[in-house]
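Student: I'd like a close look at one part of this model, taken slowly. Could you pick a helix, walk me around it, and then show me how it fits with the rest?

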2 protein chains.
Amino acid sequence: MNTPLKLTDRKRQAIVEAAIAEFRVSGFESTSMDKIAATAGVSKRTVYNHFPSKDELFAQILHELWNSSMAQQQQPYDPAAPLREQLLALLWKKMAMLQDSYFLDLARVAIAESIHSPERAQEMVSRLTRKEEEAVVWLRAAQADGKLLKADPVLAPQMLTGQLKTFAFWPQVTLNQPPLDAAMQKKVVEATVDMFLAYAG
Amino acid sequence: MNTPLKLTDRKRQAIVEAAIAEFRVSGFESTSMDKIAATAGVSKRTVYNHFPSKDELFAQILHELWNSSMAQQQQPYDPAAPLREQLLALLWKKMAMLQDSYFLDLARVAIAESIHSPERAQEMVSRLTRKEEEAVVWLRAAQADGKLLKADPVLAPQMLTGQLKTFAFWPQVTLNQPPLDAAMQKKVVEATVDMFLAYAG
DNA sequence: GAGAATGTACACTACACAGTGTAGTTCTTA
DNA sequence: TAAGAACTACACTGTGTAGTGTACATTCTC
């Protein structure tokens, strides 16, 4: 037997996969339950046997995408390592996350929804935003260590990550532009680090 | 007579105003022609006598908002004036535009639409983006004058305006956050200038 | 004040879509 | 292999909404 799962589990999985595909491409409004059922190769009734409503299904899918793109842990501040290298590592990690296609799709769908139906996905968007906070922790530690003292502690973390997003997130989310190529990623990360170190000390 | 316009002109104007109000609040999908007609105090038939379709009306409204928020002219580079002051002036002008409520509403509606119906408002979004180019021209002139030579000429203009948008545009558009207060605007503009000058020479 | 242009009320078509009810079929498992 | 769980086809309700057609009313213009 090539599918170890029970029929009902396979069906459920097919529905989830189809829903992800459709929502990623078309967003919430323009995706119909009939379409999802057809793509999943499942009757519409089965979709409703697994998920009570379209909203519920959408919520589950956002949750799914969220989990699949969030495997990040805090980068610790190291007083012994050069600042430049630590900053580069921090921003490369961030850059990798921003350019991950699941993350981008999640962000696109969540943002589109949160723009004209705040309650549905607003929480997701603010969770996306809260993930910026790695830079906050790192910078706080650096400043406690007497480094980078010229940086405004409130603005600086967002200045760092915002710089990446200017090139590697907003154009992709709002204009559907392709991800940055490797050379461009390198330029952006290094320019951001250079600028920040020049500014912050 | 307190209304010098003909009936038909008044009706048309009422429709446009109602449509702007509704689209600003609810976006394209969630705004119905019946609602627009009711808000305008006009029969639906009259709406259709003035505008052939909802898409057409939406396009006209985007055009309207565009014109009402675009009264910008190029800031010339002045070799005699201090760089810092010129940069501050440039960014203050940009900041004012970004925080204009009509501009924000336009951007919000256009971006929401362009995310899941590219053809409709994509052109509008790219026009919004092209307006960044004032900084390009100014920087080119400064570099031709031998200043700010350490800045990457491709990235630098977007680094400047992107920094403002990190604080004064994206949170407002995507999270419906309130505009920045005056003190915060000042902090952002000055930090951006400081950082850029530290980096670019 | 007559005729043309414009607006109004309202009924109507056409469609897309969320969600349900049911009778019958297929799969799983004890 | 029998019973129950899950799936399927399909018809159906209800709703929202774009857009049209028409008969009648109002407003403008000469």
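Tutor: Sure, let's start with the whole chain and then zoom in. Within chain A, 65% of the contacts with a separation of 6 or more are between residues 24 or more positions apart. Keep in mind that this is a predicted model.

Chain A has 11 helices and zero strands, so if you read the elements from the N terminus on, you get α-α-α-α-α-α-α-α-α-α-α. The C-alpha trace of chain A spans about 65 × 40 × 30 Å along its principal axes. Of its 201 residues, 37% count as buried.

Now for the close look: helix 11 of chain A, residues 182–200. Let's check its length. This helix has 19 residues, and at 1.5 Å a residue it should span 27 Å; the C-alpha atoms at its ends are 27 Å apart, so the two values agree.

Next, which residues of helix 11 of chain A are buried? They are A:Gln185, A:Val188, A:Val189, A:Thr192, A:Val193, A:Met195, A:Phe196, A:Tyr199 and A:Ala200. Together they cover an arc of only 165 degrees around the axis, which puts them on the same side of helix 11 of chain A. Here's the rule behind that kind of pattern: an α-helix has 3.6 residues a turn, so residues three or four places apart point the same way.

And what do the buried residues of helix 11 of chain A pack against? Their partners come from both chains: helix 5 (83–99) and helix 9 of chain A, together with helix 9 (156–168) and helix 11 (182–200) of chain B. Just after helix 11 of chain A, look for A:Gly201, which takes a positive phi of about 115 degrees.

Let's follow that link to the other chain. In the contact between the chains, 32 residues of chain A meet 32 residues of chain B. On the chain A side, the elements giving two or more residues are helix 6 (101–116), helix 7 (118–130), helix 9 (156–168), helix 10 (170–175) and helix 11 (182–200). Our helix 11 of chain A provides the largest share of that side, seven residues. By class, the chain A side that touches chain B divides into 15 nonpolar, 12 polar and five charged residues.

For a single residue to look at here, try A:Ile111, which sits in helix 6 of chain A. A:Ile111 counts as buried because it has 25 C-beta neighbours inside 10 Å, and the cut-off for buried is 20 or more. Leaving out residues up to four places away in sequence, A:Ile111 touches A:Val125, A:Val173 and B:Thr174. Within its own chain, A:Ile111 is 63 residues from A:Thr174 in sequence, yet their C-alpha atoms are 9.2 Å apart in space.

One backbone detail is worth finding as well. A:Leu148 lies in the loop between helix 8 (133–144) and helix 9 of chain A. Its phi is near 55 degrees, a positive value in a residue other than glycine. A:Leu148 is partly exposed, with 19 other C-beta atoms within 10 Å. In chain B, B:Leu148 is found in the loop between helix 8 (133–144) and helix 9, and its phi is also near 55 degrees.

Finally, travel to the DNA. Around DNA strand C there are 19 residues, and the closest are A:Ser32, A:Lys54, B:Thr8, B:Ser43 and B:Thr46. Helix 3 of chain B gives the most to the surface near strand C, with four residues. That surface has five nonpolar, six polar and eight charged residues.

Around DNA strand D, 19 residues are again found, with A:Thr8, A:Lys11, A:Thr46, B:Ser32 and B:Met33 coming nearest. For strand D, helix 3 of chain A gives the most, with four residues. The surface near strand D has five nonpolar, six polar and eight charged residues.

There's a record to go with this part of chain A: an unreviewed UniProt entry annotates residues 32–51 as "DNA-binding region". Over residues 32–51, chain A is 75% helix and 0% strand, and the end C-alpha atoms are 14 Å apart.

Terms used
Residues are numbered from 1 along each chain as its sequence is written. Chains are lettered from A and ligands numbered from 1 in the order in which they are written. This is a predicted model: local features need pLDDT of at least 70, side-chain atom pairs count only at pLDDT 80 or more; totals for chains, interfaces and linings use all residues. Two residues are in contact if their C-beta atoms, placed from the backbone, lie within 7 Å. Ala, Val, Leu, Ile, Met, Phe, Trp, Tyr, Cys and Pro count as nonpolar, Asp, Glu, Lys and Arg as charged, and the others, Gly among them, as polar. The expected span of a helix is 1.5 Å times one less than its number of residues. A residue is buried if 20 or more other C-beta atoms lie within 10 Å of its own, exposed if 12 or fewer, and partly exposed in between; C-beta atoms are placed from the backbone. The arc is that of the directions from the helix axis to the C-beta atoms. A residue is near a molecule or strand if its C-beta atom, placed from the backbone, lies within 6 Å of it. UniProt positions are given in the numbering used here, feature names are shortened, and annotations may be inferred rather than shown by experiment.
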